[in-house]
Amino acid sequence: MWSIKPMKKVIVISDSFKGSLSSSAIVRVARDVLGQFYPNCQVIGLPVADGGEGTVDCFLEAVGGERIAVPVTGPWEESVEACYGRIGDTAVVEMAAAAGLPMVGERLDPSKTTTYGVGQLLRHAVEHGATHLILGLGGSATNDGGCGAAAAMGVVFRDKAGQSFVPVGETLGEIASIDCTAAHSLLSGVTVEVMCDIDNPMCGPQGAAAIFGPQKGADATMIRQLDHNLGYLARCIETDLGITVSELPGAGAAGGFGAGAAAFFGAQLRPGIEVVLDLVRFEEQLDGCDLVLTGEGRMDGQSLGGKVPIGVSRRAKKKQVPVVAIVGITGPGIEPIYDEGITAVFSTNRDALPFAAVRDRGEDDYRRALTDLMRYTKAISG
C-alpha cells in the first residue's frame, strides 16, 4: 500500500513524449514542482533514451561520466567528429552519432551508406580500456547489416576473388567469406549490450528493408534488393560463423545492425529500459524511495511489450515502491499494467485535444498534471 506520509525521496524516470517533451525536460519540471511542495525531498532524475539520438546525453546526465570526441567516417565515408560517453569502464555509443539519418540530409540512399564510423567509436572505446560496451541502435541511415562497423572492429569480408572489402547494403551479396578472428581478439574480455526496442526480424515483410527502408529513401526496387542482400548475409553468417540470426527478435534494427551486432560482436540485444535500469543501479536507487514517477507519450496495450513504464514498474514492484505514470494520452488495453506495478495513470491531455493541438504545450500540461498530483499527496499526508 502507498504510505501516506511526506515525500522524502522520489525517482523521476520517464520516457519522452515523442515530438513534444523530452525525458530531460520531464526531470527538470518534476524537480521544480516537487521542490515547491516538498522542499526537503530528494529528487533523483534519471532521463531515459531509446538508443537513438540523445542516448549518450541521457546516460551522462543520469550517472555522470565524460564525453569522448573521435574523428570517424560518416555514413557517406566523409570525415566527421562523433562522440561517445565514458562511464568508468563502460562506453555508451549511439550509432546515430556516426551513421544517423539526419547526417545524410537529402542524400537518402541506404544501399550505399555505411556504419563504419560506428565501429570506429566502438574500437576507440575498447582500445582505451572499456570492458563494457552499450550500443544504441536507432535513427540509422544505413542498411548494411552492421558490416561497416564490423569491418572497423577487425572483421574481414572477402569477395569471390579473395579481396577484402567493406560491404554496404548494395554489396552484401558479394560476400564470399567472413573472418571474425581479429574482432574476437579485440573484444576478448569485453561484454557488448545492444539497446534495441523493436523485434523485427532481419528480412522479409517485417524486416529491416521492408519496414524501415522507405524512411531512409529506398523505393520498392531498392527494398527488394536490400532485403535479398540481407537474407544472403544471414546465410553467410550461418555458414561461416555457425550463428543463426535472421529470426532473432531485433535482428532488423538499424538496417540489420541488430543481427550484425549479435553475429560479429557476440552482443546481447535487450530492451533499452533494461539496459538503462542496470547501468543506473535502479534497485539500489529504490532504497528509501517513497514514489517513482514514470510515463510515456502514449500508454496502451503495447506498453506491456517492454516499454519504459513497465520496465520501471516491474522492478519497483519487487521493492513495494508505488509507481505513478504521467502520460500524454491513454489508449485501449492498459488494464493489465496495474498488475505490473503501476499504481495509477494520469493523462496530461485533460482537454482531450488531438496531438497537433497540444504538442507545443507538453511542458505546461505535464506541470499542471504533476502539480495536481502533488496537491493531492500533500493534502492527504498533512
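# A walk through the predicted structure

K216 sits in the loop that runs between α7 (208-212) and α8 (220-241), and this residue is a convenient place to begin reading a model that is predicted. K216 is buried, and yet it takes part in no salt bridge. What is the nearest side chain of opposite charge to K216, and how far away is it? That side chain belongs to D144, which is 8.3 Å away, and because a salt bridge requires the nitrogen and the carboxyl oxygen to lie within 4 Å, the two residues are not counted as a pair. The side chain of K216 does, however, make a polar contact with the side chain of S140, at 2.9 Å. Once the neighbours within four places in sequence are left aside, the residues in contact with K216 are L101, L108, D109, P110, S140, A141, T142, A254 and G255.

From this buried lysine we can turn to the aromatic rings, for which a search of the whole structure finds two pairs. In one of them, the rings of F17 and Y366 have their centres 6.1 Å apart and their planes at 65°, and so the pair is classed as edge-to-face. This pair links distant parts of the chain, since F17 belongs to the loop between β1 (9-12) and α1 (23-37), whereas Y366 belongs to helix α14 (residues 362-381), and the two are 349 residues apart. Are F17 and Y366 buried or exposed? Both of them are buried.

The other aromatic pair is formed by F157 and F264, which are also arranged edge-to-face, with 5.6 Å from centre to centre and 90° between the planes. Here too distant parts of the chain are linked, with F157 in strand β7 (residues 156-158) and F264 in helix α9 (residues 253-265), 107 residues apart. F157 is buried, and F264 is buried as well. An aromatic ring also has a charged partner elsewhere in the model, where R107 lies over the face of W76, at 4.1 Å from the ring centre.

Charged residues can next be followed through their pairing with one another. Side chains of opposite charge can pair when their charged atoms come close. In this structure the count comes to 18 salt bridges. One of them joins E363 to R28, with the closest N and O atoms 3.1 Å apart, and it links distant parts of the chain, E363 being in helix α14 and R28 in helix α1, 335 residues apart. E363 has a relative accessibility of 28% and therefore counts as partly exposed, while R28, with a relative accessible area of 46%, is partly exposed too.

A further salt bridge is found where the side chains of R270 and E193 meet, at 2.5 Å from N to O. The pair again connects distant parts of the chain, with R270 in strand β11 (residues 268-270) and E193 in strand β10 (residues 191-195), 77 residues apart. Both R270 and E193 are buried, the relative accessibility of R270 being 14%. R270 also forms a salt bridge with D278, whose closest approach between N and O atoms is 2.8 Å, and D278 is partly exposed, with a relative accessible area of 38%. Which residues are joined into one network by salt bridges that share partners? They are E193, R270, E274, D278, E283 and R315.

R315 leads on to helix α12 (residues 308-318), where R315 is one of the buried residues. Why is α12 described as largely enclosed by the rest of the structure? Eight of its 11 residues are buried, and the description follows from that count. The buried residues of α12 are V308, P309, I310, G311, V312, S313, R315 and A316. After α12 comes Q320, whose phi is positive, near 55°.

A positive phi is found in loops as well. E77, which is not a glycine, has a positive phi of about 65°, and E77 is placed in the loop between β3 (66-73) and β4 (79-87). With a relative accessibility of 59%, E77 counts as exposed. R281, likewise not a glycine, has a positive phi of about 55° and lies in the loop between α10 (272-279) and α11 (282-285). The relative accessible area of R281 is 55%, and R281 is therefore exposed.

Definitions and conventions. Residues are numbered from 1 along each chain as its sequence is written. This is a predicted model: local features need pLDDT of at least 70, side-chain atom pairs count only at pLDDT 80 or more; totals for chains, interfaces and linings use all residues. Side-chain values use heavy atoms; hydrogens and water are left out. Helices (H or I, at least four residues) and strands (E, at least two) are DSSP runs, numbered from the N terminus. Buried means under 20% relative accessible area, exposed over 50%, partly exposed in between (1.4 Å probe, protein chains only). Lys and Arg count as positive and Asp and Glu as negative; His and the chain ends are not counted. A polar contact is a pair of N or O atoms within 3.5 Å; within protein, one must be able to donate a hydrogen and the other to accept it, and residues adjacent in sequence count only if both atoms are side-chain atoms. Contact means heavy atoms within 4.5 Å. Rings of Phe, Tyr and Trp (its six-membered ring) pair if their centres lie within 6.5 Å; planes under 30 degrees apart count as stacked, over 60 as edge-to-face and the rest as tilted. A charge sits over a ring if NZ of Lys or CZ of Arg is within 6 Å of the ring centre and within 35 degrees of the ring normal.
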